[in-house]
Amino acid sequence: MPETQDQQKFVYDFTEGNKDLKDLLGGKGANLAEMTNLGLPVPPGFTITTEACKVYLDSGEEPAALRDEVSAHLDALERKMGKTLGQPDDPLLVSVRSGAKFSMPGMMDTVLNIGLSDDSVAGLAAQAGDERFAWDSYRRLIQMFGKTVLGVDGDLFEEALEEAKRAKGVTVDVDLDAGDLKRLVTEFKDIVANETGRGFPQEPREQMDLAVRAVFDSWNGDRAKLYRRQERIPHDLGTAVNICSMVFGNLGPDSGTGVAFTRDPASGQQGVYGDYLQNAQGEDVVAGIRNTVPLADLEQIDKGSYDELMRIMEILETHYRDLCDIEFTIERGKLWMLQTRVGKRTAGAAFRIATQLVDQGLIDEAEALRRVNGAQLAQLMFPRFDEEAAENGTVRKLGRGIAASPGAAVGKAVFDSYTAVKWSRSGEKVILIRRETNPDDLDGMIAAEGILTSRGGKTSHAAVVARGMGKTCVCGAEELEVDTKRRRMTVPALDGKDGLVIEEGDVVSIDGSTGKVYLGKVPVVPSPVVEYFEGRMHAGADDADELVGAVHRIMAYADRVRRLRVRANADNAEDANRARRFGAQGIGLCRTEHMFLGERRELVERLILAHTDEERETALGALLPLQKDDFVELFESMDGLPVTVRLLDPPLHEFLPDITELSVRVALAESRKDHNENDLRLLQAVHRLHEQNPMLGLRGVRLGLVIPGLFAMQVRAIAEAAAERRNAKGDPRAEIMIPLVGTVQELEIVREEAEQVIEEVQRARGVDLKLTLGTMIELPRAALTAGQIAESADFFSFGTNDLTQTVWGFSRDDVEASFFTAYLEKGIFGVSPFETIDKDGVGSLVRSAAEAGRATRPDLKLGVCGEHGGDPESVHFFHEVGLDYVSCSPFRIPVARLEAGRAAAAGR
């Protein structure tokens, strides 16, 4: 019987959960519970579940039982702490923090110091023996609560804070004294009253309840929805809310807050990595507002806390068997753990860490394979900057920051997110430059090629989000003075060179692997991983780095366990050779129309203009040897591996001149009385072949049936090329594919003609060619009648590009530019169906066609040759459906190999 709201438990104490309850408690709540269970120093608290959030988002009201459950847990917390929420003489203060199943750094709301009020601020000061700390905590509460809960423009608070520092003649907020902060609290409360029409709430429970609702609401905030679309996180999960007793890092120099990683999230190297900030609260570190010190410096600042932190980090990495990201606070020499999670990492770090953990015996090879993905591998294949050219070339080095997220990014400097999005939509590549980023910059970060900040460290908002998205990022380039209002960056004199000003629109290059920043466009070189796949670098060579070795080991394991074979879409010997170096196990799609371009276009024109059988045969005869030579090269490149050749597919008008251009040419010639008979005939042919919707017109198998001899010529070229290779002691394995079949009768007619041609060539050459004939399944009717079509097919290859167009009723070239952006923004698509297979629609047809085809012919070979064959998520679907192979462009072959292995490992 389904659980009703009255029966559901909506609140869990930290002592009740564990790390496996992320669906219910969110990642933060589940991991706080896990650390509590491990006996680590976690401030007491409780978690409101994602189920409560879903009820609130669906109905607009909290579950009826939630208030009483929260009250019971708050009472228990107050008893444990020996004080009540907001108690005037000794207030219990709590944080209210979001925590979804999947980490969404900075995308949802957090409020600290809940419970402080005009009545309790003096009590906090007395208990802490520090009046400045109490007023600092109160101004932080009003600022965070005002912005996140009451919707006040955060810049109003920032401007008031900056004005207070200017008036005092200081640059950092820690230099403001208690009197300054007390005056600032009054100003902040006035801002709240002016902007909202109500005073800042003084009742502690009201503060907490409003903050909880604000966290629930933040799940559907614009930046959260944008982040989920970017990271493909489902929109229906909801967020948990963690209510945790406050510990304070802003109590003086013996207090502080920090973020630590058990390994370097940028490189994967083991060591002490993270940032620490004395006399601060956690948001200060992530925001990058004040520059932190390296975590290693904590050993000199507070050795006892440092040693305990190192011990806890080792416990957590061993327990989670992975890189852990940790948030902590030190309150007057006492270490508290505020959060841990499996840390986001760069692509290179992911591969290195996976193999390191195998060598340490913490995980096996299958788990190592599951912990990397195709998107990360693709990122490692991007080019990198040529450092030698950068140092000795025409570009100027502007400075150096922290290498926060690797990669080579070049673009025009922009200083706000709006401009980044606007310019990028106009086709410009941009680098987003900020003092520090905040969650409101997310759309600009997505649009930019890379991100550069003058403040913050490896754990700042910019660094964490960039690593998660695989964006190049350089943080904390302190010598660069960023002026966002004037849209410029000032560079000091450096290495004997005068200072200069970088204006918006100037081209800059940032190197996320070294932290270097340049003016101008730095040349790029192939990545070491591409050099490895090309065979120019060997994993065991002296010059091979650890990354190449890690990629090699994981790829080797993926190849051993995968069931799906991986082929290439390749139309010439050059692409075929590269594909083979990249690990292709054959060609899944050779598009013969690409062989008719360039100088050969004239021969196709003759075929189209032919009026008699003799003219047509002459034109086909001229094309035959050229086609044969193409196939000989292709079969030689893929000797011993299957090569699927698709017969001519596109409409013939694509081989003719543009109708407008040709009409103008003919009109001008007639005006000069200079008649060109060939142009006139061409224009007539263009008009004759013109179609309103050529994608659904005379193309594919229909061409072979309407133009006598066309497909026969192509089949003869394939057969003669195979015979030539056989006589040269080669091993050609050609597969002939008939495109756009909608009914078995079409395939039967073309197959009969093809078999006659093949038999003629076999007799003439004295060889047994063993050629197979199959079809593309790219029309809904073909998929629905796959059982019948299989009677005349040796194989099916799913043409998912056209199948997606015909299932959805889309013309890809038209819709992607016109309304796809709106569909993605409205959530109709989570991702474009041309990028990742539409499992419910197109995928359902693929599944049913595969089952029907195999029911008719159990040995039917099944593959896919659309670009979905190189998409990681789609590869997993094709594995599940039982296809034999996927085929994709040569550069995506390593990704498909890896994902085919991951799909197999996932089932183990």
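User: Why does Arg 854 count as partly exposed rather than buried or exposed?

Analyst: In this predicted model, Arg 854 has a relative accessibility of 26%, and since buried means under 20% and exposed means over 50%, Arg 854 falls in between and therefore counts as partly exposed.

User: What makes the contact between Asp 884 and Arg 854 a salt bridge?

Analyst: The side chains of Asp 884 and Arg 854 meet at 2.8 Å, N to O, and because a salt bridge requires a side-chain nitrogen of Lys or Arg within 4 Å of a carboxyl oxygen of Asp or Glu, the pair qualifies. Asp 884 lies in the loop between helix H36 (872-881) and strand E31 (885-888), while Arg 854 belongs to helix H35 (residues 842-856), so the bridge ties together parts that are 30 residues apart in sequence. With a relative accessibility of 27%, Asp 884 also counts as partly exposed.

User: How many salt bridges does the structure hold, and which residues are joined into one network by bridges that share partners?

Analyst: There are 67 salt bridges in the structure, and Arg 132, Asp 136, Arg 139, Arg 140 and Asp 173 are joined into one network through bridges that share partners.

User: What makes Lys 54 and Glu 51 a pair within one helix?

Analyst: Both residues lie in helix H2 (residues 50-59), where they are three residues apart, about one turn of the helix. Their side chains meet at 3.2 Å, N to O, and because the limit for a salt bridge is 4 Å, this contact is counted as one. Lys 54 is partly exposed at 26% relative accessibility, and Glu 51 is partly exposed with a relative accessible area of 26%.

User: Why is Asp 359 called exposed, whereas Arg 553 is called partly exposed?

Analyst: Asp 359 has a relative accessibility of 55%, and because exposed means over 50%, Asp 359 counts as exposed. Arg 553, at 34% relative accessibility, counts as partly exposed, because this value lies between the limits of 20% and 50%. The side chains of these two residues meet in a salt bridge at 2.9 Å, N to O. This pair links distant parts of the chain, with Arg 553 in helix H21 (residues 546-561) and Asp 359 in helix H13 (residues 347-359), 194 residues apart.

User: How do you know that the buried residues of helix H9 lie on the same side of H9?

Analyst: The buried residues of helix H9 (residues 222-231) are Ala 224, Tyr 227 and Arg 228. They cover an arc of only 100° around the axis, which puts them on the same side of H9. The buried residues of H9 pack against helix H8 (204-218), helix H18 (442-447) and helix H19 (461-469).

User: Why can both faces of E31 be called covered?

Analyst: Tyr 885 and Ser 887 on one side and Val 886 and Cys 888 on the other are all buried, and because buried means under 20% relative accessible area, both faces meet the criterion for being covered. As a general point, side chains in a regular strand alternate between the two faces of the sheet.

User: How do you know that strand E24 and E31 pair, and what is the sense of their pairing?

Analyst: Strand E24 (residues 565-569) and E31 are joined over four bridges in the parallel sense, and because pairing needs at least two bridges, the two strands qualify. Ala 568 stands opposite Cys 888 in E31. Strand E30 (residues 861-864) also runs parallel to E31, joined to it by two bridges, and Gly 863 has Tyr 885 in E31 as its bridge partner. The chain crosses from E30 through H36 to E31, and this β-α-β crossover is right-handed.

User: Why does Thr 110 count as buried, and which residues is it in contact with, leaving aside its neighbours within four places in sequence?

Analyst: Thr 110, found in strand E4 (residues 110-114), has a relative accessibility of 13%, and because buried means under 20%, Thr 110 counts as buried. With neighbours within four places in sequence left aside, Thr 110 is in contact with Val 96, Arg 97, Ser 98, Met 144, Thr 148 and Glu 283.

Technical notes. Residues are numbered from 1 along each chain as its sequence is written. This is a predicted model: local features need pLDDT of at least 70, side-chain atom pairs count only at pLDDT 80 or more; totals for chains, interfaces and linings use all residues. Side-chain values use heavy atoms; hydrogens and water are left out. Buried means under 20% relative accessible area, exposed over 50%, partly exposed in between (1.4 Å probe, protein chains only). The arc is that of the directions from the helix axis to the C-beta atoms. Contact means heavy atoms within 4.5 Å. A crossover is right-handed if, with the strands pointing away from the viewer, the path from the first strand over the helix to the second runs clockwise.
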